[in-house]
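Trainee: I'd like to zoom in on one acidic side chain and what surrounds it. Could you walk me through that spot, then work outwards from there?

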Amino acid sequence: MNKVRITAVRQTVYHDLMEKYENPIEHACDIKEGQQWISVDAQCPEGMCPSAWASMKEFVEALAKGEGNFFDGWMKNPMSAMISCNDGFRPFSFYIEVV
């Protein structure tokens, strides 16, 4: 199985949606831009947000098995994907790639 590197690339924050729909949260996310993890044997890396992992798990598993080229050439690097976590108020985009 391949190792897969996961890099937190960018976070977007929708303050208007938070104000309109979200109950106040003191601490929602510990991830920082540029932070990296390595998934070994398609397992969730230590310190990875469980919600973010749920969003990318299938892609990490496929890349770890040597599969790729998602959506018929979506990514310049066919052994990678750009996946966002499922937080609708402050989603993080993660670049995942075989290393």
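Trainee: Is Glu97 buried or exposed, and what is its relative accessible area?

Mentor: Glu97 is buried, with a relative accessible area of 16% (buried is under 20%, exposed over 50%, partly exposed in between, with a 1.4 Å probe and protein chains only). Keep in mind that this is a predicted model, where local features need pLDDT of at least 70 and side-chain atom pairs 80 or more, while totals for chains, interfaces and linings use all residues. Numbering runs from 1 along each chain as its sequence is written, and side-chain values use heavy atoms, with hydrogens and water left out.

So what does that acid do down there? Glu97 pairs with Arg5 in a salt bridge, the closest N and O atoms being 3.1 Å apart (the criterion is a Lys or Arg side-chain nitrogen within 4 Å of an Asp or Glu carboxyl oxygen). Arg5 sits in strand S1 and Glu97 in strand S4, so this pair ties together parts that are 92 residues apart in sequence (helices, H or I, of at least four residues and strands, E, of at least two are DSSP runs numbered from the N terminus). On the basic side of the pair, Arg5 is partly exposed, at 26% relative accessible area.

The whole structure has four salt bridges. One of them sits in helix H2, where Lys57 and Glu61 are four residues apart, or about one helical turn. The closest N and O atoms of Lys57 and Glu61 are 3.9 Å apart. Lys57 is partly exposed at 37%, and Glu61 counts as partly exposed too, at 27%. Asp87 bridges to Arg90, with the closest N and O atoms 2.8 Å apart. Arg90 counts as buried, at 10% relative accessibility. Shared partners join Glu22, Asp87 and Arg90 into one network of salt bridges.

Gly88 belongs to the loop between S3 and S4. With a relative accessible area of 48%, Gly88 is partly exposed. Neighbours within four places aside, Gly88 is in contact (heavy atoms within 4.5 Å) with Tyr14 and Leu17. The C-alpha atoms of Gly88 and Thr12 are 9.5 Å from each other, though the two are 76 residues apart along the chain.

Back to H2, which also has a buried side. Its buried residues are Ala52, Trp53, Ser55, Met56, Phe59, Val60, Ala62, Leu63 and Ala64. Their cover includes strand S1 (4–11), strand S2 (36–39), strand S3 (80–84) and strand S4 (92–98), which brings in the two strands that hold Arg5 and Glu97.

The largest nonpolar core has 22 residues, and those touching the most other members are Ile6, Trp37, Met48, Met56, Val60, Phe94 and Ile96 (a core is a set of buried Ala, Val, Leu, Ile, Met, Phe, Trp, Tyr and Cys residues joined through side-chain atoms within 4.5 Å). S1, H2, S3 and S4 each supply at least two residues of this core. H2 gives the most, with eight residues. Take Val60: leaving out residues up to four places away in sequence, Val60 touches Val4, Ile6, Ser39, Ala42, Trp53 and Ile96. Just past the end of H2, Gly66 takes a positive phi of about 90°.
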